[in-house]
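Please look over the sequence and the structure shown below before reading on. The report that follows moves from a pair of helices to the sheet and then to some single residues.

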Amino acid sequence: MSGVVKRIALYGGSFDPVHTGHTSVARNLSELFALDEVLFIPAHVAPHKRDRKVTPALQRYAMLALATQNEPRFRVSSIELDAPERPYTVETLGRLQETLGREARLFFVMGADSWTEIRTWREWERVLEMAEHIVVTRPGYELDASHVTEAVRERIVDVRGATRETVERELAREEGRKIYLTDAVELDVSATAIREAVRKGAASEMLERFVAPEVADFIRKYRLYRNTHETESFEAGSQDEARG
């Protein structure tokens, strides 16, 4: 590995459940940024979702493992599940920098909603300095940057609609850690819509279209999302159910 720097995207979220929108974004970014690896990082409980009941962590991890098992560049990390007392991105990035060291060029992936709310994140300016960032939007989506500082705005590189060659030229510039804007989203689907469809007993078409077959089978087997107040436990003791 001496002298070889891997490009690794860090893709965090609740993934409740993981769906084809998530995996298609990961594939698109893998191609556009010539990534060596996409590391999916399921949150134990996202700090901004503590008021919402989230499917137990081990179930969400299992669904991610099923959804990515045939993708050689995709891996699933338990780093946030292993340390539920340290749920913030600034902490996760610090631990990943320690474990991956200088052999990795890290790209933190976030959606347009997260970008809009970035100032509410703990130590948000430090978060933006700890890695390069990829902000993913849908084609034609207007992305504002007026909420961040001028120093942050100067680091933004708009590669929406760009080719892999154009992105490669931008990546080759040694000008510090950039924030790349890309329109890599192709599917208009949300985990919320999938959960709601299952809850209402109208999930067949939704699961067939937007969830990997293995994940759909898992959802059916463990009767996930059938009742917002009761799910069949997959974790011993299910002590994490109330927290995510």
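Which residues in helix H2 meet which residues in helix H10? In this predicted model, Gln59, Ala62, Met63, Leu66 and Ala67 in H2 meet Glu214, Val215, Phe218 and Ile219 in H10, where contact means heavy atoms within 4.5 Å. By class, this contact of H2 with H10 has seven nonpolar, one polar and one charged residues; Ala, Val, Leu, Ile, Met, Phe, Trp, Tyr, Cys and Pro count as nonpolar, Asp, Glu, Lys and Arg as charged, and the others, Gly among them, as polar.

Residues are numbered from 1 along each chain as its sequence is written. Because the model is predicted, local features need pLDDT of at least 70 and side-chain atom pairs count only at pLDDT 80 or more, while totals for chains, interfaces and linings use all residues, and side-chain values use heavy atoms, with hydrogens and water left out.

**The helix pair**

Two packed helices are described by the angle between their axes and the distance between the axes. The axes of H2 (residues 57-68) and H10 (residues 213-221) come within 8 Å and cross at roughly 150°, the axes being lines fitted to C-alpha atoms, for helices over the stretch in contact, with angles that run from 0 to 180 degrees between N-to-C directions. The two helices are therefore roughly antiparallel to each other, a word used for angles over 145 degrees, whereas those under 35 count as roughly parallel, 65 to 115 as roughly perpendicular and the rest as oblique.

**The sheet**

The secondary structure of the protein comes to ten helices and seven strands; these are DSSP runs, numbered from the N terminus, with at least four residues for a helix (H or I) and at least two for a strand (E). Seven strands form an open sheet in the order S3-S2-S1-S4-S5-S7-S6, and the pairing is parallel, where two strands pair if DSSP finds at least two bridges between them. Strand S3 (74-76) and strand S6 (156-158) stand at the edges, each with a single partner strand, so one side of each is left without a neighbour in the sheet. From one strand to the next, the twist averages 25°.

The table lists some of the parallel pairs, each with its bridges and one pair of residues that stand opposite each other.

| Strand pair | Bridges | Residues opposite each other |
|---|---|---|
| S2 and S3 | three bridges | Leu39 and Arg75 |
| S1 and S4 | six bridges | Ala9 and Phe107 |
| S4 and S5 | five bridges | Val109 and Ile134 |
| S5 and S7 | four bridges | Ile134 and Tyr180 |

Ile134 in S5 thus appears with a partner in S4, namely Val109, and with Tyr180 in S7. Another bridge between S4 and S5 pairs Phe108 with His133.

How enclosed is strand S5 (residues 132-136)? Five of its five residues are buried, so S5 is largely enclosed by the rest of the structure; buried means under 20% relative accessible area, exposed means over 50%, and partly exposed lies in between (1.4 Å probe, protein chains only). In a regular strand the side chains alternate between the two faces of the sheet. Both faces of S5 are covered, with Glu132, Ile134 and Val136 buried on one side and His133 and Val135 buried on the other. Strand S4 is mostly covered, since six of its eight residues are buried.

**Single residues**

Asp16 and Pro17 are joined by a cis peptide bond, with omega at about 5°, and Pro17 is found in the loop between strand S1 (6-13) and helix H1 (20-32).

Glu123 has a phi near 50°, a positive value in a residue other than glycine, and its place is in the loop between helix H4 (112-116) and helix H5 (124-130). At 41% relative accessibility, Glu123 counts as partly exposed. Tyr225, in the segment after H10, has a positive phi of about 70° although it is not a glycine, and at 7% relative accessibility Tyr225 counts as buried.

Thr92 lies in helix H3 (residues 89-100) and counts as buried at 4% relative accessibility. Leaving aside its neighbours within four places in sequence, Thr92 is in contact with Ile41, Ile79 and Glu80. Thr92 and Ile41 are 51 residues apart in sequence and 9.5 Å apart in space, C-alpha to C-alpha.

**The whole protein**

Buried residues make up 50% of the 244 residues in the protein. Among the contacts with a separation of 6 or more, residues 24 or more positions apart account for 76%.
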